[in-house]
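Please look over the sequence and the model below before reading on. The report that follows describes some charged contacts and one part of the surface.

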Amino acid sequence: MLLIMDWTSLREQFPVTRRWAFFDHAAVAPLSGPAQRAVIEWAADMADNGDVHEPLWFRRVNEVRGLAGRLLNADALDVAFVKNTSEGVGIVAEGFPWRPGDNVVTAAEEYPSNLYPWLNLHDRGVEVRRVPSRGPRVDLGDLRAAIDGRTRLVSLSFVEYASGFRNDLDAVGALCRERGISFFVDAIQGLGVLPLDVGRTPVDFLSADGHKWLLGSEGAGLFYVRRDLVEMLRPVSVGWNSVAGAWDFATIDLRLKPHAGRWENGTLNVGGIAALGASLGLLLELGIPAVSERVLELTDYLCERALAAGVEVFSSRLPSDRSGIVSLVVPGADVREVVRRCRVAGVVVSQRAGRLRVSPHCYNTHEEVDRLVGLLAEPGP
Ligand SMILES: Cc1ncc(COP(=O)(O)O)c(C=O)c1O
């Protein structure tokens, strides 16, 4: 683990810091310098050599799989590369052995990619129970109350995209175990910034693209499936690379890989995976607990400064609830206008659910937070 007492030295690894105070990692994160170099290296090699170095790139892909396994404390073979979060949700939604009358429990305010794949099961007789939040919190008691004898799966975000509420995956997972229900986690708003150990937390399936807190590129993400559940899912979209003898093209033998690899049905996004791996390597070197502590400290500081400037903090900042996402209400201001004003001043934030969403990563600074809060305190035009 790198001992970075001075987080500002890390900024050299983030070209975005030259131009922007970037607080929008919950949307699309900038590539880290190592990720940028990985893509350049891959593109140059493909341009100069075509597939001549293919074995080296396959090795790289498997190294990244190893890093993903380390991130989750899972066996690397339990991780498949997917093109985005939605693909992972779809793998489970379409492959799960539903019976008409079954239901899925989720939170009402989930991001659409964790709602549509379940809602799309209506023609198979599967009901979706959307539990409304109480203010910024998804209440465990409300989830429990929505579960009945026909609930087969609970699907939740690690962190809710609009409110920044961090679901208690240990508690929800334990509840699911107790009731014999599967547990799916849309992890994109937490993975890379909050620790998650699937050896300890009872998560059955997980999906996350790499383009947010993992600081990877768009279109290269991770799908995790617990090994003993692989056979329970009907594999959707099987291809040449789903089978045990994938490289023996002349022998057609439909014996699927006995692990998550069966969902990597064909050619992978090697450049994107290389970028993801480079950022993941950096994050693991820093240590996810250290990254987490830094981001939570920065967001605590942001909330403190925002409150002092008369800005309302919508997110729950209880120690167990807080995350890298802070949702703010700027009184009397048009939130879109605030986002525009910040952009003009070199500060990148976004808006969700009519509120300002601020999402710093570990390389942001307290001075940048001060700049942002100064802009929020400014009267509009
Ligand atoms: C909770 C959540 N899930 C999923 C996504 C994105 O899904 P995908 O990776 O399929 O584009 C987002 C944001 O874009 C999100 O906030």
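## A contact within one loop

Which side chain meets that of Arg 262 in a salt bridge? In this predicted model, the partner of Arg 262 is Glu 231, and the N to O distance of the salt bridge is 2.9 Å. Both residues of the pair belong to the loop between E8 and H7, yet they are 31 residues apart, and the pair is described as linking distant parts of the chain.

The two partners differ in how they are covered: Arg 262 is buried, with a relative accessible area of 3%, whereas Glu 231 reaches 60% relative accessibility and counts as exposed, because the cut-offs are under 20% for buried and over 50% for exposed.

## A contact between two loops

The side chains of Asp 321 and Arg 137 also meet in a salt bridge, with 2.7 Å from N to O. Asp 321 lies in the loop between strand E9 (312-313) and strand E10 (326-329), and Arg 137 in the loop between strand E4 (127-131) and helix H5 (140-146), so this pair ties together parts that are 184 residues apart in sequence.

Here the acidic partner is the buried one, as Asp 321 has 2% relative accessibility, while Arg 137 is partly exposed, with a relative accessible area of 29%.

## A network around Arg 227

Another salt bridge joins Arg 227 to Asp 75, and their closest N and O atoms are 3.5 Å apart. This pair, too, links distant parts of the chain, with Arg 227 in the loop between strand E8 (221-225) and helix H7 (270-286) and Asp 75 in the loop between helix H2 (54-72) and strand E2 (79-82), 152 residues apart.

Both partners are partly exposed, Arg 227 having a relative accessible area of 35% and Asp 75 one of 41%. Salt bridges that share partners bring Asp 78 into the picture, joining Asp 75, Asp 78 and Arg 227 into one network. The pairs described in this report are among the 21 salt bridges that the structure holds.

## A nonpolar patch

The surface also carries a nonpolar patch, formed by Phe 58, Trp 240, Trp 247 and Phe 249, which together have about 460 Å² of accessible area. One of these residues, Trp 240, is found in the loop between E8 and H7, the loop that also holds Arg 262 and Glu 231. Trp 240 counts as partly exposed, at 36% relative accessibility, and therefore passes the cut-off of over 30% relative accessible area that is set for residues of a patch.

How values were computed:
Residues are numbered from 1 along each chain as its sequence is written. This is a predicted model: local features need pLDDT of at least 70, side-chain atom pairs count only at pLDDT 80 or more; totals for chains, interfaces and linings use all residues. Side-chain values use heavy atoms; hydrogens and water are left out. A salt bridge is a side-chain nitrogen of Lys or Arg within 4 Å of a carboxyl oxygen of Asp or Glu. Helices (H or I, at least four residues) and strands (E, at least two) are DSSP runs, numbered from the N terminus. Buried means under 20% relative accessible area, exposed over 50%, partly exposed in between (1.4 Å probe, protein chains only). Patches are made of residues with over 30% relative accessible area and no salt bridge: like charges are joined within 9 Å, nonpolar side chains (Val, Leu, Ile, Met, Phe, Trp, Tyr) within 5 Å. Accessible areas come from the Shrake-Rupley method with a 1.4 Å probe; for residues, only the protein chains shown count as cover.
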